[in-house]
Amino acid sequence: MRVMVMVKATKDSEEGLKPTADTAEMFVAMGKFNEELVNAGIMLSGDGLKPSSQGKRVAFDGPSRTVIDGPFAETRELVAGYWIWEVKDMAEAVEWVKRCPNPMPGPSEIEIRPFYEMADLAEAMPPEATEIHDRVRDKIKDR
Amino acid sequence: MAATETHQAIETVFRIEQARLIAGLARMVRDVGRAEELAQDALVAALADWPKTGVPDKPGAWLMAAAKRRAIDALRRDKMQAKKHDEIGRDLEGERDTSVEDLEGALDDDLGDELLGLIFTACHPVLSPEARAALTLRLIGGLTTDEIARAFLSNETTIAQRIVRAKKTLRDAGLSFEVPRGQERAARLASVLEVIYLIFNEGYAATAGEDLIRPSLCAEAQRLGRILAAALPDESEVFGLLALMEIQASRLGARTAPDGSFVSLMEQNRARWDQLLIRRGLAALERAEALGGADGPYALQAALAACHARARKAEDTDWKRIASLYDTLREVMPSPVVDLNRAVAHSMAFGPEAGLTLIGGIEQAATLHSYAPLPAAKGDFLFRAGRLAEAKTEFERAAVLTCNEREKAFLLKRAAACDG
């Protein structure tokens with residue numbers, strides 16, 4: 001099964017990357033962890049995200065659309081980085097996350113969410129919506 | 001409830017560590033079966049200790065230490081027994097216990113390539129491909145005998161016996177469990193790649209409604225391919241095979257219609273292809289080519305798969321490139337089926353006459369004698385060349401040969417269309 005593993009933001013990550021000894025150490029530890037994930041054949045991709053001060057939100061309410069500039073307040077709900085893993089089950093994903101070095105200088109959280117699979121979507125999506133979604137996915141293809 | 005959770009966590013940790021554990025132990029005791037028993041002993045010890053102490057920081061190291069203690073205890077016991085039988089009565093305390101020290105030394109080595117060594121051993125050419133596949137899934141994939149049996153549409157007893165025999169063969173062969181080097185590596189690596197692709201194809205052949213363990217073989221093979229690619233970053237064919245599997249797997253979600261029937265490549269809804277796997281596959285192919293392995297059999301097949309993956313629509317397919325890749329593939333991997341596919345590719349690239357010329361050369365091949373795709377392809381070439389009466393005969397012949405009802409209906413429809 002495919003999962004997204006999200007590193008949740010903290011006060012530190014929201015302040016952006018700083019060239020400190022702590023940061024350097026974290027990068028080394030994280031590099032080693034990534035290497036383990038690759039050696040075990042479970043890591044498909046992963047990236048880090050800039051602080052929410054560089055992000056934007058669009059709020060929806062009926063027909064209205066309001067753009068909100070970052071930074072956003074509820075730090076713990078923000079995402080600072082993610083991986084995509086292919087694992088056998090959630091238990092395996094949990095075990096691997098436990099092995100991750102703490103990605104932040106202070107307390108932090110990592111959240112694991114399984115991807116929807118074709119079969120899950122087939123139940124919820126009407127055929128005409130499936131058709132549109134297929135068309136869209138086709139257009140956003142790389143090549 | 002907490003106890004069950006701990007229990008589950010321990011089993012998961014064990015599943016993750018199992019392959020490396022067995023690999024390290026096998027190198028020590030030179031016996032896969034014995035290594036597996038020692039690993040199981042370590043699991044039993046963990047199940048007894050961890051609920052009280054919690055899961056240790058380095059569970060893999062803990063399990064290895066527990067298994068190692070067992071191995072050393074057993075060795076000491078054997079030695080004692082041997083001494084008693086000897087009746088020489090030398091003082092055991094004063095003597096250097098070399099094998100125990102060797103054992104400890106072996107464990108302190110950098111075990112970086114131990115897993116790779118186990119993969120090479122499980123895929124050793126002294127074993128049949130079926131035995132290699134079963135053993136690899138058992139030792140490296142961590143599948144149970146029952147799971148392997150269901151995956152290969154076999155029964156548990158057969159698979160259990162196959163694995164027991166394989167372990168015995170390996171023990172009798174007195175292997176070193178090391179990663180082969182130099183010239184030997186090429187031959188041994190081919191055997192490993194063959195097994196991984198066999199596992200992948202078994203999963204790929206699974207049809208809707210079958211036990212879900214079957215399609216999961218694809219994921220298992222891809223994982224093995226990725227492990228191998230990480231461990232052997234300079235072997236082009238490893239990346240060729242990985243690319244081939246990632247690109248083929250990218251279509252898994254698109255090749256089954258809602259009613260469970262098979263959808264052919266050219267008819268698939270390409271929006272359903274998994275773009276993440278395609279990107280990974282194309283990157284692996286690039287790596288294989290950069291390593292100078294563009295003409296390897298797996299890299300060539302991956303390059304063929306990539307031509308389809310790159311085409312946004314079926315009509316955009318670069319048939320000239322496909323035709324030229326088949327020209328090379330038949331040199332490095334000659335087979336009548338490759339020749340037939342080559343004829344089809346040439347007909348798509350250069351017109352039906354080109355296909356007819358090439359198919360003329362393989363029609364007599366004994367292996368294709370009752371192979372439905374042959375007359376089906378020829379019928380298609382003739383149809384496109386406007387030779388309708390001959391096309392009709394070929395389509396009808398193909399319809400008789402196929403066992404697939406849907407395909408039969410399709411071919412008969414094409415035959416009927418020849419009447420104009």
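## Exercises on a predicted two-chain model

B:Leu153 is found in the loop that runs between helix H7 (145–151) and helix H8 (156–173) of chain B. The model is predicted, and the exercises below begin with this loop residue before turning to helix packing and to the contact between the chains.

**Exercise 1.** Describe the backbone of B:Leu153 and of B:Arg30, and decide for each residue whether it is buried, partly exposed or exposed.

*Solution.* Begin with the general expectation, which is that most residues other than glycine have a negative phi, and that most peptide bonds are trans. B:Leu153 is not a glycine, and yet its phi is positive, at about 50°. For the surroundings, count neighbours: B:Leu153 has 12 other C-beta atoms within 10 Å, and since 12 or fewer counts as exposed, B:Leu153 is exposed. Next, turn to B:Arg30, which lies in the loop between H1 and helix H2 (32–53) of chain B. B:Arg30 also has a positive phi, of about 55°, although it is not a glycine. Its count is 15 other C-beta atoms within 10 Å, which lies between the limits for exposed and buried, so B:Arg30 is partly exposed.

**Exercise 2.** Find which peptide bond of A:Pro71 is cis, and place this residue in chain A.

*Solution.* Look at the bond from A:Gly70 to A:Pro71, where omega is near 0°, and the peptide bond is therefore cis. Then locate A:Pro71 along the chain: it lies in the loop between strand E4 (64–69) and strand E5 (79–86) of chain A.

**Exercise 3.** Work out how H5 and H6 of chain B are oriented to each other, and name the residues through which they meet.

*Solution.* Two packed helices are described by the angle between their axes and the distance between the axes. The axes of helix H5 (residues 114–122) and helix H6 (residues 129–139) of chain B come within 9 Å and cross at roughly 155°. Because an angle over 145 degrees counts as roughly antiparallel, H5(B) is roughly antiparallel to H6(B). On the side of H5(B), the residues are B:Leu118, B:Ile119 and B:Ala122, and they meet B:Arg132, B:Leu135, B:Thr136 and B:Leu139 in H6(B). Sorted by class, the contact of H5(B) with H6(B) has 5 nonpolar, 1 polar and 1 charged residues.

**Exercise 4.** Carry out the analysis for H10 and H11 of chain B, and add the handedness of the crossing.

*Solution.* H10(B) packs against helix H11 (residues 236–249) of chain B at an angle of about 150°, with the axes 9 Å apart. This angle makes H10(B) roughly antiparallel to H11(B), and H10(B) passes H11(B) in a left-handed crossing. Among the residues that meet are B:Cys218, B:Ala221 and B:Leu228 in H10(B), and B:Phe239, B:Leu242 and B:Met245 in H11(B). By class, the contact of H10(B) with H11(B) has 10 nonpolar, 2 polar and 2 charged residues.

**Exercise 5.** Determine which elements of chain B touch chain A, and which of them gives the largest share.

*Solution.* Start with the totals: the contact takes 21 residues from chain B and 19 residues from chain A. The elements of chain B that give two or more residues to this side are helix H1 (2–29), helix H10 (216–231) and helix H12 (275–290). The largest share, 6 residues, comes from H10(B). Finally, the residues on the side of chain B that touches chain A divide into 8 nonpolar, 5 polar and 8 charged.

Note on methods. Residues numbered from 1 in each chain as written. Chains lettered and ligands numbered in written order. Predicted model: local features only at pLDDT ≥ 70, side-chain atom pairs only at ≥ 80, totals over all residues. Axes fitted to C-alpha atoms, helices over the stretch in contact; angles between N-to-C directions. Helix = DSSP H or I, 4+ residues; strand = E, 2+ residues; numbered from the N terminus. Parallel < 35°, antiparallel > 145°, perpendicular 65-115°, else oblique. Contact = placed C-beta atoms within 7 Å. Nonpolar A, V, L, I, M, F, W, Y, C, P; charged D, E, K, R; others polar. Buried ≥ 20, exposed ≤ 12 C-beta atoms within 10 Å, placed from the backbone. Left-handed = near helix turned anticlockwise from the far one by under 90°.
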